[in-house]
Amino acid sequence: MKTLLEIITEEFEKAFEEKGYEKQLGRVVVSNRPDLCQYQCNGAMAGAKKYHKAPIMIANDVVEVLQNNDKFEMIEAVMPGFINMNLSSSFVADYLNELKDSEKYGVEAQDKTVVVDYGGANVAKPLHVGHLRPAVIGESVKRIKEYVGNNVIGDAHLGDWGLQMGLIIMELKERQPDLVYFDESYTGEYPEEPPFTLDELSEIYPTASAKSKEDAAFKEAAQLATVKIQQEYPPYLALWKHIMSVSLPDLKKNYNNLDVDFDLWKGESDAKPYIPELMDILEKKGLSHESQGALVVDVAEEGDKKELPPCIVRKSDGAALYATSDLGTIIQRQKDFTPNEYIYVADKRQELHFTQVFRVAKKAELVPEGTKLEYMGFGTVNGSDGKPFKTRDGGVMRLEMLIDQINDAVYQKMMENRSMDEAEARDISKTVGLAALKYGDLSNQATKDYIFDIERFASFEGNTGPYILYTIVRIKSILEKYQAEGNSVDGLEILDTDKNEQMNLMLEVSKVKEVIENAAEELAPHKICAYIYDLSNVFNSFYHSTKILAETDAEKQKGYVALIKMTKEVLETCIDLLGFKAPERM
């Protein structure tokens with residue numbers, strides 16, 4: 001199904017051609033002067049030089065053809081050569097009725113296989129505020145890509161095979177040297193029960209990490225331990241399995257609290273079986289060579305604007321790196337899914353890493369030609385001081401603490417002006433708090449840093465998640481009251497109108513197909529946020545100017561109800577793509 005812009009652009013292209021001008025001049029855009037008109041065409045201005053004619057003459061020629069076209073209520077040429085137009089409400093109403101009855105608002109199905117690599121949490125570390133963006137952005141991108149008809153696989157891609165594992169094991173060895181894992185003469189079975197709890201593990205890692213920055217010998221021992229894990233040294237591998245068994249359920253619980261759902265819980269360790277194949281491919285293609293004891297692949301290309309260092313695929317001590325596991329994972333994903341597109345959601349400071357990995361993957365032909373490899377780098381979440389968001393005592397804030405804080409802020413705002421049972425308010429505040437958190441993040445362009453402002457994000461007014469939800473709940477309330485009077489909301493048709501506020505709402509609703517397709521193409525959840533904020537504003541303007549339930553003309557009232565029902569459904573579709581939902585009441 002075509003968008004309104006595509007339909008009216010086609011009408012203009014035919015009109016330009018009919019008058020002897022090239023059809024490309026017929027492009028129509030949304031007016032930059034909504035006080036004058038809804039849409040405009042500036043093609044006459046562009047054609048003046050080519051056809052040696054005054055722009056207004058070309059514009060008048062085109063308007064002459066379209067003057068009696070029933071898609072337009074008003075069309076006029078204005079100096080020096082613009083064509084302004086308003087659409088007829090009957091045309092827009094017919095379009096909306098077709099749109100609401102079409103599957104997924106007529107969105108074009110892409111039918112590709114897409115892997116979205118997001119989350120990227122390190123095992124043995126609790127989720128903190130730094131994990132918010134990859135989880136929230138990745139989940140939304142996954143949902144948007146699925147909505148437009150793709151087979152999407154979301155992978156948590158856990159950091160479970162790196163230095164943090166060696167650090168934990170060395171710290172554990174210092175604390176409990178008598179454990180059987182550190183007895184080289186031990187030959188029995190290793191215990192089934194982990195030698196630490198989740199709380200203990202959560203304290204062990206930061207202690208070990210801090211120690212490695214000051215104690216070179218400790219860091220070296222941890223690096224050797226990491227190599228041993230990767231070489232499947234039995235006692236350390238047993239400890240690694242304990243770390244996974246304790247940490248993974250907690251990670252899943254916390255992601256679940258964010259309503260983030262991965263299809264795969266793979267980690268760097270899952271790439272290990274594919275690394276020998278990777279090394280063999282790189283060697284056979286003559287891409288890898290030794291440099292200072294490490295194995296590297298040159299990735300620099302002619303035309304690079306800055307120097308790109310070689311990609312290290314094996315360190316001098318034999319250990320694998322992030323690049324090694326990422327390349328091995330590509331081999332694994334090709335065997336399992338044969339994706340047409342890969343999307344990596346990660347900190348924008350990792351741009352060099354992904355540039356190197358993508359170039360090696362293409363040079364080594366790990367992916368077929370035409371496979372899209374995309375890196376979606378995101379900015380940081382900052383406090384009011386413009387620095388990365390911290391707790392009051394300066395520590396890194398745990399994600400569950402952040403969620404609790406925003407839920408509390410929403411609860412307080414709900415109780416200020418509403419009489420509601422406390423238990424119900426607490427329950428609703430979780431739904432609204434999640435919307436506040438996710439919308440506060442996603443409404444910013446992913447690449448940009450943003451200020452985390454709990455007071456603003458939790459507000460029921462302005463460009464916030466709670467405002468969007470309140471709009472949906474308001475529409476639900478109207479529909480419930482309409483039905484309570486014995487009416488049905490099913491099978492109603494949107495009607496034409498002479499009311500500006502209704503026409504504005506109809507035009508805003510009509511943009512849904514274009515917005516979703518654009519967000520999918522550009523990996524831009526923030527565009528959906530901007531759209532539903534505009535749509536909510538336009539609806540609320542219509543609501544305040546229209547007595548929907550008090551309307552005495554039953555047919556006109558049915559048209560109103562059909563329109564606001566579609567508005568609600570569009571808003572609900574969009575917030576689902578952003579990863580949250582609306583409560584029944586607020």
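## The second largest pocket

Let's start at an opening in the protein: the lining of the second largest pocket is a mix of eight nonpolar, seven polar and five charged residues. This is a predicted model, and in it the pocket has a volume of about 460 Å³. Its lining is built from 20 residues, and those nearest the centre are Cys37, Gln38, Met503, Asn504 and Leu507.

Which elements supply at least two residues each to this lining? They are strand S4 (82-87) and helix H17 (500-509). Helix H17 gives the most, with five residues.

## Helices H16 and H20

Next, have a look at a pair of helices. Helix H16 covers residues 465-484 and helix H20 covers residues 554-578; the two pack at an angle of about 145°, and their axes lie 10 Å apart. Their crossing is left-handed.

On the H16 side, the contact is made by Ile468, Leu469, Thr471, Ile472, Ile475, Lys476, Ile478, Leu479 and Tyr482. Helix H20 answers with Gln557, Lys558, Val561, Ile564, Lys565, Thr567, Lys568, Leu571, Glu572 and Ile575. Sorted by class, the residues of this contact between H16 and H20 comprise 11 nonpolar, three polar and five charged.

## Lys71 and its surroundings

Now for a single residue that rewards a closer look. Lys71 sits in the loop that runs between helix H3 (55-66) and strand S3 (72-78). Is Lys71 buried or exposed? With a relative accessible area of 19%, Lys71 is buried, because the cut-off for that class is under 20%.

Leaving aside residues up to four places away in sequence, Lys71 touches Ile7, Glu11, Asn86, Leu87, Ser88 and Phe91. Lys568, one of the H20 residues in the contact with H16, offers a link back to the helix pair. Lys71 and Lys568 are 497 residues apart along the chain, and 26 Å separates their C-alpha atoms.

## The chain as a whole

Finally, step back to view the entire chain. Its secondary structure amounts to 20 helices and 13 strands. Measured out along the principal axes, the C-alpha trace spans about 95 × 65 × 40 Å.

How much of the chain is made up of buried residues? Of the 586 residues, 53% are buried, and Lys71 is one of the buried residues. As for contacts between residues at least 6 apart in sequence, 74% join residues at least 24 apart.

Technical notes:
Residues are numbered from 1 along each chain as its sequence is written. This is a predicted model: local features need pLDDT of at least 70, side-chain atom pairs count only at pLDDT 80 or more; totals for chains, interfaces and linings use all residues. Side-chain values use heavy atoms; hydrogens and water are left out. Axes are lines fitted to C-alpha atoms, for helices over the stretch in contact, and angles run from 0 to 180 degrees between N-to-C directions. Helices (H or I, at least four residues) and strands (E, at least two) are DSSP runs, numbered from the N terminus. A crossing is left-handed if the near helix is turned anticlockwise from the far one by less than a right angle, and right-handed if clockwise. Contact means heavy atoms within 4.5 Å. Ala, Val, Leu, Ile, Met, Phe, Trp, Tyr, Cys and Pro count as nonpolar, Asp, Glu, Lys and Arg as charged, and the others, Gly among them, as polar. On a 1 Å grid over the protein atoms alone, a cavity is a set of points where a 1.4 Å probe fits but cannot get out, and a pocket is an open set with protein on both sides within 12 Å along at least five of seven lines; lining residues have an atom within 4 Å of a point. Grid points are joined across faces, edges and corners, and a volume is the space filled by probe spheres set on the points. Buried means under 20% relative accessible area, exposed over 50%, partly exposed in between (1.4 Å probe, protein chains only).
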